[in-house]
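Hi there,

Here is the structure I promised to pass on to you. Have a look at it first, and then read my notes below.

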Amino acid sequence: MSATNTIKFNVGGKHFEVSRDLMEMHSETMLGKLVSEAWQQDPEESVFIDRDGDIFAHILNYLRYGSIELPHTILKSSFERDLDFYGLGSKEGDIKENSIPAILDSLKDAKMKHDMFLYAIEAHNQYAFHSSTSTNVRVYEKDLREKLGRSETISAEERKLFVNYLDVYFGLKAKDYNNNNGFNGYFYWTVTRK
């Protein structure tokens with residue numbers, strides 16, 4: 001009996017066809033042994049596996065690429081359980097999960113970067129407007145928040161990002177101050193040209 005170049009799987013009712021070479025690269029695993037000539041009687045027939053076909057599609061991609069970024073519809077724990085079932089191991093960092101909380105964190109991070117870039121643009125505009133009369137221009141957080149419609153004060157991480165954006169994109173140096181006694185207790189920066 002001669003083996004074909006592909007192997008057919010029916011996993012939980014979903015059908016897959018993969019190269020025999022891929023399975024031979026993982027011949028020591030349960031999945032590899034299942035399709036070996038010793039176990040597979042007819043290479044033309046599909047191998048039925050009573051598991052989740054959606055997860056199996058990602059198992060195959062993991063075998064192809066050596067790492068995987070899971071969609072938010074597949075839990076990392078379910079994926080790892082099936083890896084174990086098929087006799088496949090994983091290394092730390094090979095499996096990334098796109099869970100709803102991870103996506104929300106990513107969106108929150110993108111919003112922070114967006115907001116701080118807008119702050120930097122506005123601070124640059126204020127500097128450009130006032131720099132003809134002074135080399136040091138005060139930029140108040142309260143003014144930036146009002147101009148950009150933001151109610152909450154910015155965090156230490158956001159302040160650091162804002163100062164970095166001023167430096168990298170506008171060539172400005174900003175020294176921050178917390179003026180508790182003066183301007184309603186709001187934070188401000190003294191902005192100068194580098």
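**The sheet and the aromatic rings**

Strand S1 (residues 6–11) and strand S2 run antiparallel and are joined by six bridges. One residue pairing to look at is Lys8, whose bridge partner in S2 is Glu17. Please keep in mind that this is a predicted model.

Taken as a whole, the sheet is open and has three strands, in the order S2-S1-S3, with mixed pairing. Its edges are strand S2 (14–19) and strand S3 (47–49), each of which pairs on one side only. On average, neighbouring strands of this sheet are turned by 25 degrees against each other, direction ignored. Helix H3 (residues 53–65) lies across S1 and S2, and runs at about 10 degrees to S2.

Now to the rings. One aromatic cluster is made up of Phe9, Phe16, Phe56, Phe85 and Tyr86. Phe85 also has a charged neighbour: Arg51 lies over the face of its ring, 3.9 Å from the ring centre.

The count of aromatic pairs comes to 12. Among them is the edge-to-face pair of Phe117 and Tyr169, with 5.2 Å centre to centre and 90 degrees between the planes. Phe117 belongs to helix H5 (residues 100–130) and Tyr169 to helix H7 (residues 156–170), so this pair ties together parts that are 52 residues apart in sequence. Are these two rings buried or exposed? Phe117 is partly exposed, with a relative accessible area of 30%, while Tyr169 counts as exposed because its relative accessibility is 52%.

Happy browsing, and best wishes!

Technical notes: Residues numbered from 1 in each chain as written. Predicted model: local features only at pLDDT ≥ 70, side-chain atom pairs only at ≥ 80, totals over all residues. Heavy atoms only, no water. Pairing = 2+ DSSP bridges. Helix = DSSP H or I, 4+ residues; strand = E, 2+ residues; numbered from the N terminus. Axes fitted to C-alpha atoms, helices over the stretch in contact; angles between N-to-C directions. Contact = heavy atoms within 4.5 Å. Phe/Tyr/Trp six-rings, centres within 6.5 Å; stacked < 30°, edge-to-face > 60°. Buried < 20%, exposed > 50% of the residue type's maximum accessible area, 1.4 Å probe, protein only. Lys NZ or Arg CZ within 6 Å of the ring centre and 35° of its normal.
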